[in-house]
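Reader: I would like a close look at one part of this structure, the packing around a single residue inside it. Please start there and then work outwards to the rest.

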Amino acid sequence: MIGRVLQGVGGVYRVYVDGAELECSLRGRIKQGEGSIAVGDRVEVDQQADGSCCIEAVLPRRGQLSRRSFAKRREQVLAANVDQLAAVVALTRPEPDLFLLDRLLAVAELNDLDAFIVLNKVDLEAQPESGARTPPFHQLPESLSPYSQAGYEIIPTSVKSGTGIDSLRERLHGRITVFAGASGVGKSSLLNALLPGLELRVGTVGTRSGRGRHTTTAGQLIPLGDGSFLADTPGVQNFEPAALEPDELSAVFREFRPYLDRCRFADCRHRDEPGCAVREAVLEGRLSERRHESYLALLESAEKAARPWERQGP
Ligand code: GDP
Ligand code: ZN
């Protein structure tokens with residue numbers, strides 16, 4: 001049988017086979033740890049005479065979502081075979097955390113994942129101080145316009161009114177999607193709305209290690225029953241920009257790309273160098289100043305991490 005790994009805790013793996021979940025152990029031949037098997041992997045499962053199940057082999061991966069640790073110079077695989085990332089924000093309550101959004105989109109770009117934005121709670125009125133006006137829902141808040149201009153699709157949803165749930169389900173269809181966003185934006189509620197039947201999973205998405213039902217940081221895959229899976233990988237929330245090489249950072253800001261080879265210096269970091277095409281575009285309003293600020297903040301962390309001795313101080 002071929003199945004999909006949903007979760008692995010202490011050497012026991014939950015594997016999704018033909019709509020059912022099996023608890024499997026790992027055949028000794030497959031090495032444990034070090035990313036040899038991850039949530040999202042397709043595996044070959046054998047059922048023994050006594051009914052117990054065993055993972056016999058891991059099928060080749062199409063790709064993976066990993067977190068690079070600069071200090072240890074290695075990659076931690078958060079999930080295998082991931083297709084896309086959904087960055088969830090709320091119209092309000094809480095206000096969109098745009099810096100977190102930029103970090104999540106950076107993770108997606110670095111891992112070659114398609115990314116889109118889910119704007120939840122569109123039934124609520126935007127706070128007056130956020131500058132956005134009362135919905136009609138098709139009107140996106142001003143703060144998100146740099147993202148649609150950069151080509152990111154934005155799906156407005158409301159769990160309360162049901163707006164956009166079908167569009168979201170369609171966007172997830174047949175794929176493995178990392179579902180990420182700040183706490184309180186409605187990830188668990190969206191999951192419940194997407195799940196068929198009456199299965200309730202409130203409060204299970206983004207649960208921190210040791211604080212909820214799941215005492216693992218390894219994450220899990222949640223089958224939606226139609227060939228779609230949501231990947232809940234807590235590791236992606238606290239993604240460290242430290243894991244980036246400073247030089248690869250500018251290209252993960254999609255809309256910067258057309259300007260990158262127009263800077264005077266080939267190794268321009270787009271901060272205060274003369275003849276920088278990116279900064280010029282920011283000054284002229286062709287690039288978002290706020291996205292550039294996110295870039296500078298990520299750049300600073302990446303540079304610090306690349307020079308670890310500076311963190312120890314004098
Ligand atoms: P999570 O931390 O991202 O998983 O967020 P939850 O799903 O736990 O939702 C946080 C709060 O927002 C809960 O009180 C939900 O009832 C509420 N909520 C979620 N989605 C919506 C929505 O579309 N509209 C409104 N008005 N409230 C929502
Ligand atoms: Zn530049």
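Author: The model is a predicted one. A good place to start is Leu65, which touches Gln76, Val77, Leu78, Ala79, Val82, Val107, Asn111, Leu113, Val178, Thr233 and Val236, leaving aside residues up to four places away in sequence.

Leu65 belongs to the largest nonpolar core, a set of 35 residues. Leu65 is among the residues with the most contacts inside this core, along with Leu85, Leu101, Leu144, Tyr147, Val178 and Val236. At least two core residues come from each of strand S7 (74-80), strand S8 (84-90), helix H1 (98-110), strand S9 (114-120), strand S11 (176-181) and strand S13 (229-232). H1 gives the most, with seven residues. Domain 1 (2-58) and domain 2 (78-232) each supply at least three residues to the core. A second core, separate from this one, has 18 residues, including Leu190, Leu191, Leu194 and Leu195. In soluble globular proteins, nonpolar side chains tend to be buried together.

Some of the loops between these elements have unusual backbone geometry. Most residues other than glycine have a negative phi, and most peptide bonds are trans. Asn81, in the loop between S7 and S8, is not a glycine, yet its phi is positive, at about 60°. Asn81 has a relative accessible area of 3%, below the 20% cut-off, and therefore counts as buried. In the loop between S8 and H1 lies Pro94, which is joined to Arg93 by a cis peptide bond with an omega of about 5°. The loop between H1 and S9 holds Asp112. Asp112 also has a positive phi, about 55°, without being a glycine. With a relative accessibility of 72%, over the 50% cut-off, Asp112 is exposed.

Next come the aromatic rings, which form four pairs in the structure. A pair of aromatic rings is described by the distance of the centres and the angle of the planes. Tyr16 and Phe229 make an edge-to-face pair, with 5.5 Å from centre to centre and 85° between the planes. Tyr16 is in strand S2 (residues 12-17) and Phe229 is in strand S13, so this pair ties together parts that lie 213 residues apart in sequence. Both Tyr16 and Phe229 are buried. Phe253 and Phe256 form a stacked pair, 5.2 Å centre to centre with 20° between the planes. Phe253 is buried at a relative accessible area of 1%, and Phe256 is buried at 0%. These two residues and Tyr295 form one aromatic cluster.

The last site to describe is that of the zinc ion (ligand 2). Its protein donors are Cys263 (SG), Cys268 (SG), His270 (ND1) and Cys276 (SG), at 2.1 to 2.4 Å from the ion. Along the chain, the donors follow the spacing C-x4-C-x1-H-x5-C. The angles among the four donor atoms are 102 to 116°, and the site is tetrahedral. Two of the donor residues can be placed by their accessibility: Cys268 is buried, with a relative accessible area of 10%, and His270 is buried, at 3%.

Note on methods
Residues numbered from 1 in each chain as written. Chains lettered and ligands numbered in written order. Predicted model: local features only at pLDDT ≥ 70, side-chain atom pairs only at ≥ 80, totals over all residues. Heavy atoms only, no water. Donors = N, O, S within 2.8 Å, 3.2 Å for Na, K, Ca; no water. Tetrahedral: all angles 85-135°; square planar, octahedral: opposite > 155°, others 65-115°. Buried < 20%, exposed > 50% of the residue type's maximum accessible area, 1.4 Å probe, protein only. Core = buried A, V, L, I, M, F, W, Y, C linked by side-chain atoms within 4.5 Å. Helix = DSSP H or I, 4+ residues; strand = E, 2+ residues; numbered from the N terminus. Domains from an automatic or database assignment. Contact = heavy atoms within 4.5 Å. Phe/Tyr/Trp six-rings, centres within 6.5 Å; stacked < 30°, edge-to-face > 60°.
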